[in-house]
Amino acid sequence: MFELIHETATGAMPKLTVFGVGGCGCNTINQLSQVNLPSSVELISVNTDAQAMAATSSHYRIQIGPQTTKGLGAGAKPDVGCAAAIESAQALTEQMQHSDIVFLTAGLGGGTGTGALPQVAKLARELTKPVIAVVTMPFSFEGQHRKANAEAGLQELLESANAVIVLPNDKLAEVLGAKVTLLNAFKESNKILQDVLLGLANTISQAGLINIDLNDFISVISRQGRAAMGVSCLQGDEDLISAVKRAMQHPLLDNIELNQAQAAIVSVVAKDTIELSQYNQIGATVHEQLPRDALVIIGLTIDPELESELEIMVIATGIGFAQPEIQDPIQAVNDNYINVHDFIKRQAISIADSAPSKFDLENLQIPTYLRQQKPQAH
């Protein structure tokens, strides 16, 4: 069932707020600030490092944890990043209150991004805001310690964010080639978030022939879990099915199974010559990749001035986890370095001792996979 829209919708455009957390997240914000984003998109830099914050380009800057870190960063310790976000919860919440959709981006594995991002997501969910996170995982050469930090941070993030898009850094060389410059590789990685923002801002703020509104988007995002996202253009005589599949299987994303997705939103922008058979083929191709009972919402906007034949954006949500290669990742982590639970406990106590009396240690969340290791009461 769809509604034909013949006039431009009136009213305020939905507000999209992007929080770049930590060094990697702030670098992404810097790149986004150079793009001609819609006025409904607001960019916010969040970091513990005061010096790094001074070099960011964004609408707002939030230095988190000034008492916890003294503006010197989190020292690659996620528990410090977590404490910093808790200390600055009020400032973060104030920037979310008037947002319709909250986007989060960070590189996992270090201190601020890994520790603070799950807390920022938690604050957004407490305000009942839909939350989409786009995160990178560290290169293999960065070692087991950063990998374990990143995996722990990702697991905690999934508890609060609605949809999490994961970009493994190792895929940059695999897909783009070993000779690609580091700067261009990261630009390609950041472009995924850029495409999501541009696509969503245009989709939910413009009236289409077959309309997608903010509530449609929220219905799809409400399926919590991993997410896949992609954008593709149909050029000339290219096969339409290939273009749709390309939008659904972005090569830089983590390996996930689309047949586990619970919902998808598809935005099609096309010239006024689009055929009914083409529109049907797009919908049929998307449905073939997803479970039969998945919620699929497809919108169509007509743009006679479009350079390509049509553009397709797909976001699939509620995707389950692939089975890990090792059966007991916690044991593997403990075998490689000091017991993580004891480490976080000692660091949290140290932070609490040095922080002002208002600091609430009870709010310092221990990652789920560690809480589950606690001995059961007899």
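Colleague: Over how many bridges do strand S4 and strand S5 pair?
Modeller: The model is predicted: local features need pLDDT of at least 70 and side-chain atom pairs pLDDT 80 or more, while totals for chains, interfaces and linings use all residues. Numbering starts from 1 along each chain as its sequence is written, and side-chain values use heavy atoms, without hydrogens and water. S4 covers residues 101-107 and S5 residues 131-137, strands being DSSP E runs of at least two residues and helices H or I runs of at least four, numbered from the N terminus. They run in the parallel sense, and the pairing (at least two DSSP bridges) extends over six bridges.

Colleague: Which residue of S5 is the bridge partner of Gly107?
Modeller: Gly107 falls within S4, residues 101-107, and S4 pairs with S5, residues 131-137. The bridge partner of Gly107 in S5 is Thr136.

Colleague: Which strands stand at the edges of the sheet?
Modeller: The sheet is open, has ten strands with mixed pairing, and follows the order S3-S2-S1-S4-S5-S6-S7-S10-S8-S9. Two strands have a single partner strand each, so one side of each is left without a neighbour in the sheet. Neighbouring strands are turned by 20° against each other on average, direction ignored. The edge strands are S3 (60-63) and S9 (295-302).

Colleague: What angle does the direction of helix H6 make with that of S4?
Modeller: H6, residues 112-126, packs on the sheet and touches S1 (16-21), S2 (41-47), S4 and S5, where contact is heavy atoms within 4.5 Å. Axes are lines fitted to C-alpha atoms, for helices over the stretch in contact, and angles between N-to-C directions run from 0 to 180 degrees. With S4, the direction of H6 makes about 170°.

Colleague: At what angle does helix H11 run to S7?
Modeller: H11 spans residues 240-248 and lies across two strands, S7 (225-234) and S10 (310-319). Ile312 in the sequence touches Leu240, Ala243, Val244 and Ala247, among others. The angle of H11 to S7 is about 145°.

Colleague: Which helix gives the most to the largest nonpolar core?
Modeller: That core has 65 residues, and Val18, Phe103, Phe217, Val266, Leu290 and Ile312 have the most contacts inside it. Such a core joins buried Ala, Val, Leu, Ile, Met, Phe, Trp, Tyr and Cys residues through side-chain atoms within 4.5 Å. A second, separate core of 32 residues includes Phe19, Ala89, Ala124 and Val166. In the 65-residue core, eight residues come from the helix that gives the most, residues 182-205, which is H9.

Colleague: Within what arc do the buried residues of H10 fall?
Modeller: In H10, residues 214-221, the buried residues (under 20% relative accessible area; exposed is over 50%, partly exposed in between; 1.4 Å probe, protein chains only) are Leu214, Phe217, Val220 and Ile221. Seen down the helix axis, they line one face of H10, because they fall within an arc of 125°.

Colleague: What is the relative accessibility of Thr128?
Modeller: Thr128 is found in the loop between H6 and S5 and has a positive phi near 60°, although this residue is other than glycine. Ala76, in the loop between H3 (66-69) and H4 (78-87), also has a positive phi, of about 60°, and is partly exposed at 47%. Thr128 counts as exposed, at 66%.

Colleague: How far are the C-alpha atoms of Met13 and Asp100 separated?
Modeller: Met13 lies in the segment before S1 and is partly exposed, with a relative accessible area of 38%. Asp100 is 87 residues away along the chain, yet the C-alpha separation is 9.5 Å.

Methods
Arc of directions from axis to C-beta. Lists of a residue's contacts leave out its neighbours within four places in sequence.
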